[in-house]
Amino acid sequence: MLERLSQVALPPGVAGGVGPDFSPIGSVYWYTLKSTNPTLDLMELKSLQDWVISKHIRSVPDVVDDSSFGGVTREYQVLVDPNKLIAYGLSLGQLEQQLANANSNAGGSFIEQGAQQINVRSVGLVRDIGDIEKTVVKTQNGTPLRVRDIATVTQGPKIRLGQIGKAIHRADGVVEDDSDVVEGIVFLRKGADTATMLDGLHAMVRRLNDHILPPGVKIVPYLDRDDLVHYTTHTVLHNLGEGMLLVVIILFIFLGNVRGAIIVSLTIPFALLFASICLDLRHISANLLSLGALDFGMVVDGAVVMVENIVRHLNQPEREPRTLSQRIGEAAHEVQRPVFYAIGIIITAYLPIFTLQRVEGKLFKPMAWTVAFALLGALIFSMLIAPALASLMFRRDAKQWRNPVMTFLTDRYRIGVRWAIHHRLITVGSAVAVCVLSMFLAFSGVIGSEFLPHLDEGAIWVRGTLAPSAGPTESALVADRARAVLCSFPEVPQVVNQIGRPDDGTDTTGFFDTEFFVDLLPKEKWRPVFHQDKERLIAAMDRELEKIPGVTWGFSQPISDNLEEAVSGVKGALAVKIYGDDLKTLEEKADEVAAAMQSIRGVEDLGIFRVLGQPNLNFAVDRDQASRYGINVSDVQDAVQTAVGGNPLSQVLIGEQRYDLVLRYLPQYRDTREAIERIRLLAPSGERVSLAQLTTSKVTDGGSEIYREENSRYVAVKFSVRGRDLGSTVEEAIRRVNASVKLPIGYTFDWAGEYESAKRSQRRLLIVLPLTILLIYILIYTMFKSSKWALLILTNIAMAPIGGLLALLVTHTNFSVSSGVGFLALFGVSVQIGVIMVEYINQLRARGYSPEEAAVEGAVLRLRPIIMTMLVATLGLLPAAVSHGIGSDSQRPFAIVIVGGLIADLLISILLLPTLYTWLASSDDRLPRAEASEPV
């Protein structure tokens with residue numbers, strides 16, 4: 001990167017470099033400075049931020065930067081009176097040279113004095129305004145002409161590129177508003193651990209507030225990633241706790257044996273500990289999704305089957321004397337193959353997640369690792385530890401209570417499965433109808449689609465875009481009005497807004513860009529009119545903000561906004577990019593695109609990122625006139641750049657602090673076009689020549705910010721989607737734009753943002769999913785050594801989607817990467833039903849049962865473990881499926897799919913599998929070896 005950067009031809013005075021190493025979501029801590037100290041003005045606070053606070057915060061491990069925003073940056077200004085400058089026959093260049101030469105140190109090697117070496121130094125650095133004023137510019141007739149004779153030296157504000165405002169809505173309804181505050185943004189090093197860094201940062205902030213900062217000055221955070229982590233963790237742990245409780249209750253009810261239920265329940269802590277150790281060994285940190293997607297019901301499935309079979313065997317009368325260990329061993333041997341392969345297939349179903357890329361890959365890969373490690377731990381517990389614990393806890397007996405509900409279900413199921421086998425055409429026809437319905441729901445567009453469900457961050461990020469030519473005063477007036485509007489909502493405790501960009505130039509935006517952080521109270525405290533619906537609150541805010549003329553508004557969330565900008569390349573969630581060469585043509589086509597999308601339902605925050613419309617006051621040098629007076633073009637450039645814009649000549653050092661020493665004309669000589677034209681230059685002949693004599697001034701429209709990507713210019717039309725799913729909205733927009741907007745040759749469209757990401761992830765899954773199903777088929781074939789039984793069990797995968805799709809439809813949840821991952825997990829769990837059932841049916845056939853009797857008895861005897869495994873897997877995620885707390889958004893689609901899918905799959909498969917088995921069974925089927933000691 002540095003090699004390529006060095007090959008770029010940059011204008012004089014412009015240098016390239018590599019910025020801090022942080023990700024789009026690396027801004028983890030936002031704060032403002034609050035001062036009750038009357039001796040400290042805004043400039044002093046900014047100096048504290050730049051030279052005290054930032055220095056200490058950057059010393060925290062894994063803090064890559066602390067960016068200052070707002071306030072006024074101090075600089076030492078030499079404000080020249082041009083009339084005096086000309087009267088003394090001086091040019092700007094002479095004054096610049098003298099100021100620069102008068103601010104330096106020099107070294108004179110060293111001298112020896114006795115046994116010591118003494119360094120020789122000439123100390124000439126300026127220390128204050130007085131030193132600058134005493135700088136000698138020239139000597140005339142023996143009299144020194146000092147800077148103070150021709151200029152005013154002062155400490156003043158650097159030209160501001162941005163501003164921060166803050167409003168606090170107190171509990172008593174009073175709004176405290178401050179239109180000019182100092183802000184800092186702390187960035188996390190890419191790949192570093194957030195929790196560790198934030199712990200160190202919080203300790204440093206306490207140290208700064210208590211011991212380092214002047215009295216009355218405090219760092220006040222308004223956006224702390226630790227708060228979001230706390231809220232989301234609370235939601236996830238609450239859901240996990242409820243899910244664990246439901247799982248344990250089901251185990252006690254259906255196993256009918258307290259000791260057996262305890263053994264199965266111990267799977268959960270063992271699997272969690274095993275997963276934690278493995279994650280730590282691989283240096284993978286758990287995240288919201290990896291914790292939220294951990295279904296304890298799925299974790300205990302293998303132990304449920306193992307312990308249920310052990311309890312059932314120990315409750316049957318013995319035909320011949322055997323030790324307890326032998327009976328437990330035989331019971332474990334009976335189900336060890338289906339348990340091993342069932343859990344292995346579930347782990348296999350998660351393999352496609354490891355192929356996900358970019359954002360979705362970073363989100364879901366830790367989840368896949370967590371689940372895989374937890375299931376591997378559960379497998380070890382089920383196969384090795386559960387039988388050993390059973391031999392210790394069932395030394396006397398293993399009595400189980402008679403569950404009347406299970407007895408009722410078993411009796412009715414026996415009748416139902418015989419009816420299904422005898423009416424197989426109806427059973428299979430119904431299954432085919434279910435498959436057709438699944439395909440309709442999946443491909444008809446009835447269920448909406450999106451890339452990823454948006455995590456509710458408990459805040460709103462509002463962006464207002466003004467005309468490209470908007471200046472700082474106009475932008476500040478709009479920001480003040482919008483801040484007051486947003487803070488007037490009782491649901492909003494505070495609003496912080498940004499105008500423009502930081503003074504250090506780390507952003508490229510101008511005064512036309514205003515952004516607002518809108519904090520929100522917990523939804524329980526919102527007014528009833530919004531029904532705890534964030535989109536309704538945003539719509540109400542939008543209606544009020546639209547009353548401010550000349551502004552295009554957009555709504556997002558703090559983290560989402562940065563992530564969307566990184567994905568789409570512009571400050572918006574979604575964008576249509578038009579690539580081409582001519583800026584005017586690009587803007588015309590962008591207007592046509594916006595007009596075509598204006599009436600599409602669901603399209604909100606529609607706006608164009610203008611590249612033209614920035615007025616420029618150009619002074620074109622008349623070279624003939626300049627040569628007539630003997631003045632170089634560089635002299636004219638120096639007059640415009642230095643006298644009007646201000647040119648840093650040197651720096652004033654105060655301890656570790658450094659402030660620019662800037663030379664400019666006094667304000668009255670540079671604030672208007674006419675004043676600039678009257679600026680006079682000294683010709684070599686001694687003649688005084690004004691800029692008006694040397695240049696032609698003209699106001700023209702130019703580019704405000706030219707966007708480039710893939711070696712081409714582009715103009716972007718940004719928009720958001722609310723009140724409708726992303727997929728159908730963008731697809732309708734694509735159809736309308738393609739039909740109504742015709743691009744010239746060499747111009748192209750690109751739909752960027754979440755839609756492009758959704759399509760990319762879908763294409764990836766469409767390739768990997770069939771390969772995963774093939775791998776599951778190979779595993780099943782390896783277990784049964786029969787393609788017939790492998791294909792029979794795979795029918796469960798065909799039946800599984802209907803429940804998940806219906807659940808998405810009923811709950812008005814869009815299909816996304818999260819729900820797609822849910823379907824992958826669903827496929828693995830649903831295959832488990834077939835593996836358990838078919839394995840035991842084959843064992844009964846090996847003992848002499850006819851295919852129909854084996855199918856009926858095997859299905860009935862395996863009904864309890866199948867119901868238990870499905871129930872615990874379903875109820876383990878039920879709290880996550882119905883949760884609406886902060887942090888539940890990303891895991892809810894995943895949970896909804898699994899809960900709905902397993903319920904439907906259980907109801908269908910327990911009838912369809914025995915029916916198909918009876919239909920497909922033949923005398924030459926490959927069956928397991930019968931063991932005489934096995935109880936029937």
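In this predicted model, helix H16 (residues 472-487) packs against H17 at an angle of about 145°, and the two axes sit 10 Å apart. The crossing is right-handed. On the H16 side the residues that meet the partner are Ala482, Val485 and Leu486, and H17 answers with Met541, Glu544 and Leu545. Sorted by class, that contact comes out as five nonpolar residues, no polar ones and one charged.

A second helix pair is H13 (residues 358-393) with H27 (residues 817-846), whose axes come within 11 Å and cross at roughly 35°. This crossing, too, is right-handed. Glu360, Phe364 and Met367 of H13 make the contact with Val817, Ser818 and Val821 of H27. Here the split is four nonpolar, one polar and one charged.

Turning to the strands, there is an open sheet of six, in the order E10-E9-E14-E15-E13-E16, with antiparallel pairing. Strand E10 (175-178) and E16 sit at the edges with a single partner strand each, so one side of each has no neighbour in the sheet. From one strand to the next the twist averages 15°. At the E10 end, strand E9 (residues 162-169) runs antiparallel to E10 and is joined to it by four bridges. Within that stretch, Ile168 stands opposite Glu176 in E10. Towards the other end, H18 lies across strand E13 (459-465), strand E15 (513-519) and E16, and it runs at about 50° to E13.

Another antiparallel pair is formed by strand E6 (residues 136-140) and strand E7 (residues 143-146), again over four bridges. Thr139 has Pro144 in E7 as its bridge partner. The hairpin leaves two residues between the strands, and Asn141 takes a positive phi near 55° there.

Now for the empty space. Rolling a probe the size of a water molecule over the atoms shows where such space is left. The structure holds seven cavities of 30 Å³ or more, and the largest cavity has a volume of about 90 Å³. It is lined by 13 residues, with Arg463, Gly554, Phe555, Lys571 and Gly572 closest to its centre. E13, E16, H18 and E26 each put at least two residues into the lining of the largest cavity. E16 gives the largest share, three residues. By class, the lining of this largest cavity has three nonpolar, four polar and six charged residues.

The second largest pocket encloses about 1,500 Å³ of space. Its lining runs to 47 residues, and those nearest the centre are Glu450, His454, Glu535, Asn814 and Asp889. The elements that supply two or more residues to this lining are helix H17 (534-545), strand E16 (552-556), helix H18 (558-568), strand E26 (712-721), helix H26 (787-810), helix H29 (863-882) and helix H30 (892-920). Broken down by class, the lining of the second largest pocket has 18 nonpolar, 15 polar and 14 charged residues.

Some elements turn up in several of these places. H17, which packs on H16, also lines the second largest pocket. E16 is an edge strand of the six-stranded sheet, and it contributes to the linings of both the largest cavity and the second largest pocket. H18 lies across that sheet's strands E13, E15 and E16, and it too lines the largest cavity and the second largest pocket.

Note on methods. Residues are numbered from 1 along each chain as its sequence is written. This is a predicted model: local features need pLDDT of at least 70, side-chain atom pairs count only at pLDDT 80 or more; totals for chains, interfaces and linings use all residues. Side-chain values use heavy atoms; hydrogens and water are left out. Two strands pair if DSSP finds at least two bridges between them. On a 1 Å grid over the protein atoms alone, a cavity is a set of points where a 1.4 Å probe fits but cannot get out, and a pocket is an open set with protein on both sides within 12 Å along at least five of seven lines; lining residues have an atom within 4 Å of a point. Grid points are joined across faces, edges and corners, and a volume is the space filled by probe spheres set on the points. Ala, Val, Leu, Ile, Met, Phe, Trp, Tyr, Cys and Pro count as nonpolar, Asp, Glu, Lys and Arg as charged, and the others, Gly among them, as polar. Axes are lines fitted to C-alpha atoms, for helices over the stretch in contact, and angles run from 0 to 180 degrees between N-to-C directions. Contact means heavy atoms within 4.5 Å. A crossing is left-handed if the near helix is turned anticlockwise from the far one by less than a right angle, and right-handed if clockwise.
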